[in-house]
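These are my notebook entries on how two chains meet and how some of their helices pack. I set down each item as I looked it up.

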2 protein chains.
Amino acid sequence: MKKVKIKGHFWVEMEEKDFLGPGRVELLERIGKFGSLRKAATSMGLSYRKAYYMIRAVNDLWSQPLVELKKGGPGGGRATLTKTGKQFVINYHQITQNIVTFLTKQGSILLKEI
Amino acid sequence: MKKVKIKGHFWVEMEEKDFLGPGRVELLERIGKFGSLRKAATSMGLSYRKAYYMIRAVNDLWSQPLVELKKGGPGGGRATLTKTGKQFVINYHQITQNIVTFLTKQGSILLKEI
């Protein structure tokens, strides 16, 4: 029996613009973990600038911020993943899981009547 | 209400190798239409050589050919989309349709409890 697999890439658009994909979701999770945009960015090999614009993009697209950024002071600024941000991360993973399960089932359809 | 959409690309792997995606499926369909690999390739802006290797790849990966190629003679060679090839095209479109429908439904999951 040959091994068939349906593979895919997925991302979420909001108002026709890129909103969430694997990279942004990972960044959100790391912000939740580190409480710092700089640490989250560095841990993923991203520049601070790039990470900052990723967060601005998601915050601008949704009606409430996914991440709250507070400027510096002696210990440096803080980044907080909001309740909204946390829920988006959870829901995104739910969708990813659903899609993977669904695609696995589609494999058998490809071989129907062949 | 913001407009959310799950977007995706997908393709089929057979034995861990690329088997079918939008380009190869379109080539198969055009072979079915024109009965000629050269005409099918040209109509898609592909070189004959490139199209030939695409067909070789799918034929090699499945136990039966999706396209039968017959060499030349005065009128040039003929390419025939086999019954197997036709069924793969049908099933691939079925999967595409299923995935699009499924992704549309996943949009509402992203906004759950947000």
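Entry 1, the helix 4 pair. I looked up the directions first: helix 4 of chain A and helix 4 of chain B are roughly antiparallel to each other, a label given to angles over 145 degrees. Their axes come within 10 Å and cross at roughly 160°, each helix spanning residues 83-110. Axes here are lines fitted to C-alpha atoms over the stretch in contact, and angles run from 0 to 180 degrees between N-to-C directions. Helices (H or I, at least four residues) and strands (E, at least two) are DSSP runs, numbered from the N terminus. I noted the crossing of the two helices as right-handed, that is, with the near helix turned clockwise from the far one by less than a right angle.

Entry 2, basis of the values. The model is predicted, so I kept in mind that local features need pLDDT of at least 70 and side-chain atom pairs pLDDT 80 or more, while totals for chains, interfaces and linings use all residues. Residues are numbered from 1 along each chain as written, chains are lettered from A and ligands numbered from 1 in the order written, and side-chain values use heavy atoms, without hydrogens and water.

Entry 3, residues of the helix 4 contact. I counted a contact as heavy atoms within 4.5 Å. Among the residues of helix 4 of chain A that meet helix 4 of chain B are F88(A), I95(A), F102(A) and L110(A). The partners in chain B include F88(B), I95(B), F102(B) and L110(B). By class, this contact has 16 nonpolar, eight polar and no charged residues. Nonpolar covers Ala, Val, Leu, Ile, Met, Phe, Trp, Tyr, Cys and Pro; charged covers Asp, Glu, Lys and Arg; the others, Gly among them, are polar.

Entry 4, relation of the copies. I found that a turn of 180° and a shift of 0.0 Å along the axis lay chain B on chain A with an RMSD of 0.0 Å. The two copies are thus related as by a two-fold rotation axis. The superposition is by least squares on C-alpha atoms of residues with pLDDT of at least 70 in both. Of the residues of chain B, H9(B) comes closest to the rotation axis, at 2.7 Å (C-alpha). Because 100% of the interface residues of chain B are also interface residues in chain A, the copies meet through the same surface.

Entry 5, helix 1 of chain B. I looked up helix 1 (residues 22-34) of chain B, which packs against helix 4 of chain B at an angle of about 140°, with the axes 10 Å apart.

Note on methods:
Parallel < 35°, antiparallel > 145°, perpendicular 65-115°, else oblique.
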